[in-house]
There are 2 protein chains.
Amino acid sequence: MDFWVSEMHTNNVKISIRVEQQLFSAQSEFQRIDIFETPEFGKVLTSNGNIIFTEQDEFIYDEMIVHVPMAVHPRVRNVLVIGGGDGGVARELSYYGEIEHIDVVEPDQLFVYACREHFPEDANGLDDARVSMYYEDGLKFLRSRQDAYDLIINDCTDPLGHAAGLFTKEFYGSCFQALHEDGIMVYQHGSPFYDEDEDSCRIMHRKAYRSFPINRVYQAHIPTCPAGYWLFGFASRKYHPIKDMDAKRWKKREIKTSYYTTNLHMGAFMLPRYVEDLLEEEEV
Amino acid sequence: MDFWVSEMHTNNVKISIRVEQQLFSAQSEFQRIDIFETPEFGKVLTSNGNIIFTEQDEFIYDEMIVHVPMAVHPRVRNVLVIGGGDGGVARELSYYGEIEHIDVVEPDQLFVYACREHFPEDANGLDDARVSMYYEDGLKFLRSRQDAYDLIINDCTDPLGHAAGLFTKEFYGSCFQALHEDGIMVYQHGSPFYDEDEDSCRIMHRKAYRSFPINRVYQAHIPTCPAGYWLFGFASRKYHPIKDMDAKRWKKREIKTSYYTTNLHMGAFMLPRYVEDLLEEEEV
């Protein structure tokens, strides 16, 4: 049997992954969720037909969105994860003994259920005693918090779909308010290569640039992302992602990684000319 | 009409690009060459069904394989390009006034013909007065040269097909001999993500490691490569790719780039943990 699932990266380019069988399919209030067993990527989860993560490459995303800010901020006690119902981000955070509390705000209970059933190794992150789960809208939750977090991780799945409210100007302002005066926010910044992705990339940078004093973008190679190339935003009230990165302190923790190193941390902020140019054009 | 060309990145994952029309198709002594007009990537050239380059992303490959060694070696006069019949590498080299001579050794005349017809902007690089074309086998050509070049660029299209001789131990030894005592060789190192690509990546590094005193690998995001992630090998008799990179000297030349910067140069050598690990395992 020739059984494939495809994601359109643009109208004119797609990636296809061979499927052994479909393991799960359901429509929640927010999204259609499907899970496939595949020979190349292990289990693959899609939301409305877009690949959200796979067993084989989720480590890149989860390590890069967690360890980069954690290697910069010297004293993270309280963390807010917006989205993150799969538990991968909470799992990486759980390796840090100094973290006292992690709030995970995920609106979609069915998403959490599906991940717990099929990705128990990620979902175990949500069972850490320091995690509080809130099945709520991220933006509403944020509005009720002030000066509460050292780190906010925006791990929502779909910037342009049901989670679009998480990429408004108000959202960045609310994050700024919810952070302590030396807090850091990291977020998915999309893929800069294809024209249609470039636009949302520009809009996000413009909004973050106007809301935070320190804004940098960093990169990773994630095979199942559009063009295999994904950016993260680093918006910060005090700490600089390169100058304040403390490699010695981070290495002392002896966290086992497959992608992140403190050396790669530096390189991840060294961007291609075309990406630097498009970001600079929004810094007005 | 729904008209697509697909490349199998492995048996279980493929990329597909929408096609407007096929512009060229021919079988040479060495390979089947096809050229497609596409809305996303402009013109796309394939060899035996594998994408070799596209108008939209060739700049990444050509800039990274040329400017990295050129920013390290202080006095490049003589360059050998193995493969490179499309002219993209020669075009980037032509921006350096100090280069006196460029030998391009491409066995496939039909490949050069097809590129001249359909990618004249790249192929113009071959018209530089300093370029000598040789329609010969790269390995045979190399055997006849000793202490002749400052820089060798292995730009051959297909490490595992007709150009397999260019990835043998003998090849690295012949390159070492053909270089001056401070010469540099750069080469395509493949994509490290998928299991079947990882193997050839390991073999190449092992061979280069045993032939040259200085060996480093550097990376770029190339959307149409497997997993969007491509590695280059930097094998050198004297100069170190980071310690001997002279950003001030390179910037003085005012070469216009879309991907390469001297800052990105540094970052390109800062590799993910899983890539560092697989390379280290071959350094025995």
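Student: In this model, what does Tyr113(A) count as on the scale of relative accessibility?

Tutor: The model is a predicted one. The general idea is that a residue is buried under 20% relative accessible area and exposed over 50%, with partly exposed in between. Tyr113(A) has 45% relative accessibility, so it counts as partly exposed. Phe24(A), by contrast, has a relative accessible area of 15% and is buried.

Student: How many aromatic pairs does the structure hold over all chains?

Tutor: Over all chains there are 35 aromatic pairs. One of them joins the two residues just discussed: the ring centres of Phe24(A) and Tyr113(A) are 6.4 Å apart, and because their planes stand at 50 degrees, the pair is tilted.

Student: Which parts of chain A does the pair of Phe24(A) and Tyr113(A) tie together?

Tutor: Here one looks up the element that holds each ring. Phe24(A) belongs to strand 3 (residues 21-27) and Tyr113(A) to helix 3 (residues 109-118) of chain A, so the pair ties together parts that are 89 residues apart in sequence.

Student: Why is the pair of Tyr218(A) and Phe232(A) classed as stacked?

Tutor: The class depends on the angle between the planes, and under 30 degrees counts as stacked. The planes of Tyr218(A) and Phe232(A) are at 20 degrees, with ring centres 5.1 Å apart, so this pair is stacked. It links distant parts of the chain, 14 residues apart: Tyr218(A) is in strand 12 (residues 214-221) and Phe232(A) in strand 13 (residues 229-236) of chain A. Both Tyr218(A) and Phe232(A) are buried.

Student: Which residues form an aromatic cluster with Phe41(A)?

Tutor: A cluster can draw on both chains. Phe41(A) forms one with Phe59(A) and Tyr259(A) from chain A, together with Phe193(B), Tyr194(B) and Tyr274(B) from chain B.

Student: Which charged residue sits over the ring of Trp4(A)?

Tutor: For such a feature, one reads the distance from the charged group to the ring centre. The charged end of Lys14(B) is 4.3 Å from the centre of the Trp4(A) ring and sits over that ring. Within chain A, Arg145(A) lies over the face of Tyr134(A), 5.8 Å from the ring centre.

Student: How many residues does each chain give to the contact between chain A and chain B?

Tutor: The contact takes 42 residues from chain A and 42 residues from chain B. About 3,500 Å² is buried between the two chains, and carbon and sulfur atoms give 62% of that area. On the chain B side, Asn12(B), His221(B) and Met270(B) lose the most area to chain A, together 19% of what that side buries.

Student: Where does Asp86(A) lie, and with what is it in contact?

Tutor: An annotated residue is best read through its record, its place and its neighbours. An unreviewed UniProt entry lists Asp86(A) under "binding site", along with Asp155(A), Cys156(A), Thr157(A) and Asp158(A). Asp86(A) lies in the loop between strand 7 (78-83) and helix 2 (88-93) of chain A. Its relative accessible area is 8%, so Asp86(A) is buried. Leaving aside neighbours within four places in sequence, its contacts include Phe53(A), Phe111(A), Asp122(A) and Asp155(A).

Student: And in chain B, is Asp122(B) buried or exposed?

Tutor: Asp122(B) has a relative accessible area of 6% and is therefore buried. It is found in helix 4 (residues 120-123) of chain B. Beyond four places in sequence, Asp122(B) is in contact with Phe53(B), Glu58(B), Asp86(B), Gly87(B), Gly88(B) and Arg91(B).

Student: Which other residues does the "binding site" annotation cover alongside Asp137(A)?

Tutor: The unreviewed UniProt entry also names Gln31(A), Glu106(A) and Gly138(A). Asp137(A) is placed in the loop between strand 9 (131-134) and helix 5 (138-143) of chain A, and at 39% relative accessibility Asp137(A) counts as partly exposed. Its side chain reaches the backbone nitrogen of Leu139(A) at 3.2 Å. Not counting residues up to four places away in sequence, Asp137(A) touches Val105(A) and Pro107(A). Gly138(A) is in helix 5 of chain A and, at 5% relative accessibility, counts as buried.

Student: How far apart are Val76(A) and Val275(A), in sequence and in space?

Tutor: The two separations should be read side by side. Val76(A) and Val275(A) are 199 residues apart in sequence and 30 Å apart in space, C-alpha to C-alpha. Val76(A) is in the loop between helix 1 (58-70) and strand 7 of chain A. With a relative accessible area of 1%, Val76(A) is buried. Among the residues it touches beyond four places in sequence are Met70(A), Glu98(A) and Leu151(A).

How values were computed:
Residues are numbered from 1 along each chain as its sequence is written. Chains are lettered from A and ligands numbered from 1 in the order in which they are written. This is a predicted model: local features need pLDDT of at least 70, side-chain atom pairs count only at pLDDT 80 or more; totals for chains, interfaces and linings use all residues. Side-chain values use heavy atoms; hydrogens and water are left out. UniProt positions are given in the numbering used here, feature names are shortened, and annotations may be inferred rather than shown by experiment. Helices (H or I, at least four residues) and strands (E, at least two) are DSSP runs, numbered from the N terminus. Buried means under 20% relative accessible area, exposed over 50%, partly exposed in between (1.4 Å probe, protein chains only). Contact means heavy atoms within 4.5 Å. Rings of Phe, Tyr and Trp (its six-membered ring) pair if their centres lie within 6.5 Å; planes under 30 degrees apart count as stacked, over 60 as edge-to-face and the rest as tilted. A charge sits over a ring if NZ of Lys or CZ of Arg is within 6 Å of the ring centre and within 35 degrees of the ring normal. A polar contact is a pair of N or O atoms within 3.5 Å; within protein, one must be able to donate a hydrogen and the other to accept it, and residues adjacent in sequence count only if both atoms are side-chain atoms. Buried area is the accessible area (1.4 Å probe) that two parts lose on being put together, summed over both.
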